[in-house]
Amino acid sequence: MAISYKKLWKLLIDKDMKKKDLQKLAHVSSASITKLGKNENVNTEILEKICIALSCDISDIMEMVPDNEK
């Protein structure tokens with residue numbers, strides 16, 4: 001199983017936000033945004049900041065997918 005952040009990017013589109021907007025709003029580094037874009041592991045503190053900034057739940061920004069669906 002792997003982590004996918006496609007839900008996060010769809011949410012940003014729905015909110016008419018860019019990755020740079022999320023970075024500023026959630027007070028996270030550009031490196032963290034890059035990791036999310038590559039579906040790499042990030043600290044749960046980063047995910048918490050994003051959820052607070054977007055007023056959403058963790059399941060709204062990420063999901064577990066089988067390895068062959070990345």
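At what angle do helix H2 and helix H4 pack, and how far apart are their axes? In this predicted model, helix H2 (residues 19–26) meets helix H4 (residues 44–54) at about 100 degrees, and the axes sit 9 Å apart. An angle of 65 to 115 degrees counts as roughly perpendicular, so that is the label for H2 and H4. On the H2 side, the contact is made by Leu22, Leu25 and Ala26, while H4 brings in Lys49, Ile50, Ala53 and Leu54. Sorted by class, that makes six nonpolar residues, one charged residue and no polar ones.

Both helices can be set against the database record. An unreviewed UniProt entry annotates residues 8–61 as "domain: HTH cro/C1-type". In the model, this span is 63% helix and 0% strand, and its end C-alpha atoms lie just 4 Å from each other.

Next comes helix H3 (residues 30–37), which is home to Ser32. Ser32 has a relative accessible area of 11%; under 20% counts as buried, so Ser32 is buried. Setting aside neighbours within four places in sequence, Ser32 is in contact with Val42 and Ile46.

The loops have something to show too. Asp16, in the loop between helix H1 (6–14) and H2, has a positive phi near 55 degrees despite being a residue other than glycine. Asn39, in the loop between H3 and H4, likewise is not a glycine and has a positive phi of about 55 degrees. As for their surroundings, Asp16 is exposed, with a relative accessible area of 70%, whereas Asn39 is partly exposed at 27%.

Methods: Residues are numbered from 1 along each chain as its sequence is written. This is a predicted model: local features need pLDDT of at least 70, side-chain atom pairs count only at pLDDT 80 or more; totals for chains, interfaces and linings use all residues. Side-chain values use heavy atoms; hydrogens and water are left out. Helices (H or I, at least four residues) and strands (E, at least two) are DSSP runs, numbered from the N terminus. Buried means under 20% relative accessible area, exposed over 50%, partly exposed in between (1.4 Å probe, protein chains only). Contact means heavy atoms within 4.5 Å. UniProt positions are given in the numbering used here, feature names are shortened, and annotations may be inferred rather than shown by experiment. Axes are lines fitted to C-alpha atoms, for helices over the stretch in contact, and angles run from 0 to 180 degrees between N-to-C directions. Angles under 35 degrees count as roughly parallel, over 145 as roughly antiparallel, 65 to 115 as roughly perpendicular and the rest as oblique. Ala, Val, Leu, Ile, Met, Phe, Trp, Tyr, Cys and Pro count as nonpolar, Asp, Glu, Lys and Arg as charged, and the others, Gly among them, as polar.
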